[in-house]
Amino acid sequence: MKITKAWEYAEETLDKVSRTFALNIKVLGKKLRKPVLLAYLYMRMADTIEDAPDLSVKEKTLLLQKFSLAVNLGGESIDEFVKALPQSWQNSGQADRALCYNAVAVLPLLLEYPEPVANAIRKGVEEMCIGMAEFSKRQEVRTDGWFTIESEADLDGYCYFVAGLVGNMLTELFCASGKNFDEKRQKKLRELAVSFGLALQLVNIIKDIQEDSSRKVCFVPMEFCRKHGINSVQEFFSPETPQKKKNLAVGELIQKAARHLQDAKDYIKTLPRLEYRIRLFCLWPSLMAADNLRVICEGGTKIARETVKKIIRSTIIFAWSNSWIEKEFAILIKKKEAT
C-alpha cells in the first residue's frame, strides 16, 4: 500500500475505533498528530488481541509477542504476525480486528520518524504487550468465576500497563517535539507522567464498576473491601450488603483517583504555555475525568454532552493560563469532596 493511502486508512480507522480520541488527536499540531495517531492505533491493536473472547490465553500471549516483534522489527515479522491471526479477522466488520489484519499498512509508517519518536512508541507497545499477556494469564486464574484485584499495589500494576506507560510514551513524544521543553521541564513531566495516565484510567474503572461486573470482573481491590467489612467480591455486589459499606470501599478508589488528578493538573501546568495544542490535548480528557468523578459521587453515571462542549469551549480560551487550570480543577475536586 502506498504511503498516502496507508495514512488515509490510518485516519479513517481512528475515527471508527475511537471518536473521542480522534477529536483529541486532531487538536495536535502537524509534528505530533501523526505519531500520536500511530501510537494509539498500535496500542488499540494490542488491546484488541487481549480483549478477544474467542482466543485462549496461549493464543493471546503468542499474538502479543508476535505483534511486539512486528512493531520493533517490521518486515517479515509483520507478515508472521498477520498469518498468526484468526482467519475470521480478515474480513471482520469490526474495525479494530480489521486493523490488526492490515498491520502491513500501518506498522511501516513508523519508519518515517526519527529514532527518539519511533523508540518511544516501540517501547510503549512492547511494555503494553508484556503487561497484557500477564494480565490475560491472571484472568484465567479466577476465584469462584471472578477476576479480582487483591491489593492497591496490584491495581497500580494493572493501571501502569494500560495507562501509566501511555503517560510515559506521550511525555517522550512531547519532549521530542520542540525546543520549548527545557531539561528542568522534561524532568518534572517525567516525574508526573505515570500518575497523569493513571488518573484517567482510575476514573474509567470507577465509572465501569457495574458494567465490568456483568463479565465477572472487579477492579475494586479486595484490600479496600475488607477494610470496610466486605469479605468477598460476591458480598460486594450483593444487594443485601449495606450501600454505605460499598460506598466506603469505592470511596477509597475515588480518593486515589482524585490524588492522581491533582498530579494530572500539575503535569498540564508544567507543559509550556506556548505548546497550546498539547495543553488542549491533555486538558480535555483530564477535566472530563474530573467532572465525571464529581457526577459519579453525586449518583450519576457520566457527564452530560453539554458539559463536554463547555469544557472544550472554555479550554480553547484559557488553556494557556495556569491560574485558570488550577481554579477549574480545584472547583471540581471541591465539589467531589462535598458530595
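Guide: A helix here is a DSSP run of H or I with at least four residues, and helices are numbered from the N terminus. The model is a predicted one. Under that naming, T20 has its place in helix α2, residues 19–26.

Visitor: What makes T20 exposed rather than partly exposed?

Guide: The cut-off for exposed is over 50% relative accessible area, and T20 has 59%, so T20 is exposed. As for its position in the fold, the C-alpha atoms of T20 and P285 are separated by 9.0 Å, although these two residues are 265 apart along the chain.

Visitor: How do you know that A153 belongs in the exposed class?

Guide: A153, which is found in helix α9 (residues 152–175), has a relative accessible area of 57%, and this is over the 50% cut-off, so A153 counts as exposed. A153 and E223 lie 9.9 Å apart from C-alpha to C-alpha, with their positions 70 residues apart in sequence.

Visitor: Why are V295 and L109 called buried?

Guide: Buried means under 20% relative accessible area. V295, in helix α15, stands at 12%, and therefore counts as buried. L109, in the loop between α7 (103–106) and α8 (115–140), has 3%, and is therefore buried by that cut-off as well. Their C-alpha separations from other residues can be added: V295 and Q139 are 30 Å apart in space and 156 residues apart in sequence, while L109 and K34 are 9.4 Å apart in space and 75 residues apart in sequence.

Visitor: What is said of K216, and why is it called partly exposed?

Guide: K216 has a relative accessibility of 38%, which is neither under 20% nor over 50%, so K216 falls in between and counts as partly exposed. Its place is in the loop between α11 and β2.

Visitor: What makes the phi of K216 worth a remark?

Guide: Most residues other than glycine have a negative phi. K216 is not a glycine, yet its phi is positive, at about 55°.

Visitor: Why is the protein chain described as being as compact as a globular protein of its length?

Guide: The elements of the protein chain are 17 helices and two strands. Its radius of gyration is 20 Å, and the globule rule gives 20 Å for 339 residues; the two values are close, so the chain is as compact as a globular protein of that length. Along the principal axes, its C-alpha trace spans about 60 × 50 × 35 Å, and buried residues make up 53% of the 339 residues.

Visitor: How do you know that the span of helix α16 is close to the expected one?

Guide: The expected span is 1.5 Å times one less than the number of residues. Helix α16 (residues 305–318) has 14 residues, for which 20 Å is expected, and it reaches 20 Å from its first C-alpha to its last. The buried residues of α16 are I311, I312, S314 and T315.

Visitor: What makes the space lined by I205 and F237 a cavity?

Guide: A 1.4 Å probe fits in a cavity but cannot get out. With a threshold of 30 Å³ or more, the count comes to one cavity, and the largest cavity holds about 40 Å³ of space. Its lining consists of I205, I209, D212, V217, C218, F219, V220 and F237; α11 (209–213) and β2 (217–218) are the elements that give two or more residues to this lining. By class, the lining residues are seven nonpolar, one charged and no polar.

Visitor: What lines the second largest pocket, and which helix supplies the largest share of the lining?

Guide: The second largest pocket holds about 430 Å³ of space. Of its 17 lining residues, the closest to its centre are I206, I209, Q210, V250 and I296. At least two lining residues come from each of α10, α11, α13 (233–237), α14 (243–270) and α15 (276–297), and α14 supplies the largest share, with five residues. The lining divides into eight nonpolar, six polar and three charged residues.

Visitor: Where is the confidence of the predictor highest and lowest in the protein chain?

Guide: The mean is highest in helix α10 (residues 183–207), at 97, and lowest in helix α17 (residues 322–338), at 79. Over the protein chain the average pLDDT is 92, and 97% of the residues score at least 70.

Terms used
Residues numbered from 1 in each chain as written. Predicted model: local features only at pLDDT ≥ 70, side-chain atom pairs only at ≥ 80, totals over all residues. Heavy atoms only, no water. 1 Å grid on protein atoms, 1.4 Å probe; cavity = no way out; pocket = protein on both sides within 12 Å on 5 of 7 lines; lining within 4 Å. Points joined across faces, edges and corners; volume = space filled by probe spheres on them. Nonpolar A, V, L, I, M, F, W, Y, C, P; charged D, E, K, R; others polar. Buried < 20%, exposed > 50% of the residue type's maximum accessible area, 1.4 Å probe, protein only. pLDDT = per-residue confidence, 0-100. Rg over C-alpha atoms; globule rule 2.2 N^0.38 Å.
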